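Colleague: I have just opened this entry and would like to learn how to read it. Could you take me through it feature by feature?

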Amino acid sequence: SIPPTSTRLSSTALPPTGTPQRDPVSKPTPANVDKLPAPDLFTWEVIAAGLDRPVGLAAARDNSGRLFVIEQPGLIRVIHQGQILSEPFMDLRDRVSMQGGAARGLLGLVFHPGFTGNGYFYVHYTDENANSVIARFTAFPDLTAGDPSSEKKILEISYPVGEHVGGDLHFGTEGYLYISIGDGGGPGYSDQDGLAQNPDSLLGKILRLDVDGGDPYRIPEDNPYSSGDGRGEVWLSGLRNPWRFEIDSVTGEFYIADVGENRIEELNYLPADSPGGSNFGWNFFEGSLAFSGLSGDETMFTGPVYQYEHSEGCSITGGRVYRGSILSDWYGVYLFGDYCQGKIWGLLHTPNGEWVSDQLYKLPAYITSFGVDEAGEIYLTDMTGKVYRLVEK
């Protein structure tokens with residue numbers, strides 16, 4: 001593989017605002033492990049099968065023990081106590097469309113940090129016009145199911161081609177909603193209109209919204225373009241197709257997997273105290289390699305912390321940081337994979353600041369996402385219909 005490259009980052013601290021994602025705990029936070037675990041001591045166990053194109057997995061943190069699995073055609077299924085429930089949490093097949101692109105459909109799900117009180121959750125789907133819709137729904141009072149009639153559209157985004165739409169959603173530790181949006185192209189498009197570098201476009205970006213401070217949202221004042229010269233929603237830019245990103249629930253660190261064009265799959269990272277405005281370089285760069293003509297200062301771009309060539313895989317799937325309690329050897333390890341080859345890598349930012357990475361597993365799976373349950377245990381979804389969980393042998 002191509003060696004990891006250094007990053008060029010700012011470290012201006014931002015004051016925390018909004019609603020915390022997790023309740024504070026009195027016990028001290030454990031330190032990250034200092035080395036990657038021995039993979040032979042652990043295995044990926046199939047806990048569910050027979051799903052229809054699962055592409056994501058989320059937890060509501062409502063102490064129900066439920067896992068919510070996104071099926072690309074438009075259902076949100078529930079796994080509870082090891083069983084796939086016959087009734088979905090919500091059926092959106094009447095408005096979700098996969099027409100015209102393999103990366104379209106129901107793509108993202110996140111629950112509001114105050115879900116148990118307000119019943120809110122957010123989804124990202126593509127409609128019959130191939131537009132992305134970011135929408136809020138409300139669960140019924142008993143929280144057992146979502147109400148399809150409660151839809152409140154937050155954003156609608158159109159694309160030049162519509163194959164690179166991103167699709168992920170997360171709440172940050174400060175309570176803001178983050179959304180990944182691709183450059184809107186397809187294979188060979190190469191972002192010919194330069195949308196990922198255009199601050200007036202939402203494409204090729206990570207967006208950041210205060211969904212509790214306005215109707216349908218407020219622009220946070222510390223967003224880089226909140227005062228003009230670009231779209232106020234933009235937080236990060238220079239991305240091709242960010243297929244899954246992570247905000248570490250303990251540290252607030254960012255990990256963004258960006259699917260490559262011709263040669264490179266890349267993983268980007270930002271420390272928790274990074275302000276908005278970082279630019280990951282697409283389409284001037286594909287990973288650390290020059291892609292299109294650039295005149296100017298290359299140091300304005302943030303390079304990946306890990307990348308690999310297409311001889312090792314075809315499409316990176318971003319993962320999650322392990323923050324559970326059962327597998328203590330994995331605490332602080334970020335796990336990610338490749339869709340085509342079923343490879344899984346571990347990446348660790350050690351306590352002394354070094355990056356350590358290695359390929360740990362190869363599964364007979366088309367890895368579409370990683371997810372965590374309420375306790376922080378880690379899972380992955382396989383396009384063939386399975387859900388796996390990392391367990392000790």
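Modeller: We shall go from the overall build to a sheet, then to the enclosed spaces, and last to some details of the backbone.

Modeller: Please keep in mind throughout that this is a predicted model.

Colleague: Which kinds of secondary structure make up the protein, and how many of each are there?

Modeller: The protein has one helix and 27 strands. Its radius of gyration is 19 Å, close to the 21 Å that the globule rule gives for 393 residues, so the protein is as compact as a globular protein of that length. The C-alpha trace spans about 55 × 45 × 45 Å along the principal axes, and 57% of the 393 residues count as buried.

Colleague: How should I read a sheet, and what is the order of the strands in the open sheet of four?

Modeller: In general, the strands of a sheet pair through backbone hydrogen bonds, and they do so either parallel or antiparallel. In this model the open sheet of four strands runs in the order β11-β12-β13-β14, and the pairing is antiparallel.

Colleague: Why is one side of β11 and of β14 left without a neighbour in the sheet?

Modeller: Strands β11 (169-171) and β14 (234-236) stand at the edges and have a single partner strand each, so one side of each is left without a neighbour in the sheet. On average, and with direction ignored, neighbouring strands of this sheet are turned by 35° against each other.

Colleague: How many bridges join β13 to β14, and which residue stands opposite Leu236?

Modeller: Strand β13, which covers residues 205-209, is joined to β14 by two bridges, and the two strands run antiparallel. Opposite Leu236 in β14 stands Ile206.

Colleague: Turning to enclosed space, how many cavities of 30 Å³ or more does a search of the whole structure find?

Modeller: The search finds one cavity of 30 Å³ or more, and the largest cavity holds about 40 Å³ of space. Its lining consists of Arg240, Asp258, Val259, Gly260, Glu266, Trp282, Phe285 and Glu286, which by class gives three nonpolar, one polar and four charged residues.

Colleague: What is the volume of the second largest pocket, and which residues are the closest to its centre?

Modeller: The second largest pocket has a volume of about 480 Å³. Of the 21 residues that line this pocket, Ala103, Glu163, Asn241, Ser315 and Tyr339 are the closest to its centre. The lining of the second largest pocket divides into 11 nonpolar, seven polar and three charged residues.

Colleague: Now the backbone: where are cis peptide bonds to be found?

Modeller: One cis peptide bond joins Asp215 and Pro216, with omega at about 5°, and Pro216 is found in the loop between β13 and β14, two strands that we have already met in the sheet. Another cis peptide bond joins Trp282 and Asn283, where omega is about 10°. Asn283 has its place in the loop between β17 (264-270) and β18 (285-286), while Trp282 is one of the residues that line the largest cavity.

Colleague: Which residue in the loop between β1 and β2 has a positive phi, and is Arg53 buried, partly exposed or exposed?

Modeller: Arg53, which is a residue other than glycine, has a positive phi near 50° and lies in the loop between β1 (42-48) and β2 (54-58). With a relative accessibility of 33%, Arg53 counts as partly exposed, because that class lies between the limits of 20% and 50%.

Colleague: What is the phi of Asn63, and where is its place?

Modeller: The phi of Asn63 is near 65°, again a positive value in a residue other than glycine, and Asn63 has its place in the loop between β2 and β3 (67-71). Asn63 is exposed, since its relative accessible area is 73% and exposed means over 50%.

Conventions:
Residues are numbered from 1 along each chain as its sequence is written. This is a predicted model: local features need pLDDT of at least 70, side-chain atom pairs count only at pLDDT 80 or more; totals for chains, interfaces and linings use all residues. Side-chain values use heavy atoms; hydrogens and water are left out. Two strands pair if DSSP finds at least two bridges between them. Axes are lines fitted to C-alpha atoms, for helices over the stretch in contact, and angles run from 0 to 180 degrees between N-to-C directions. On a 1 Å grid over the protein atoms alone, a cavity is a set of points where a 1.4 Å probe fits but cannot get out, and a pocket is an open set with protein on both sides within 12 Å along at least five of seven lines; lining residues have an atom within 4 Å of a point. Grid points are joined across faces, edges and corners, and a volume is the space filled by probe spheres set on the points. Ala, Val, Leu, Ile, Met, Phe, Trp, Tyr, Cys and Pro count as nonpolar, Asp, Glu, Lys and Arg as charged, and the others, Gly among them, as polar. The radius of gyration is taken over C-alpha atoms; the globule rule is 2.2 Å times the number of residues to the power 0.38. Buried means under 20% relative accessible area, exposed over 50%, partly exposed in between (1.4 Å probe, protein chains only).
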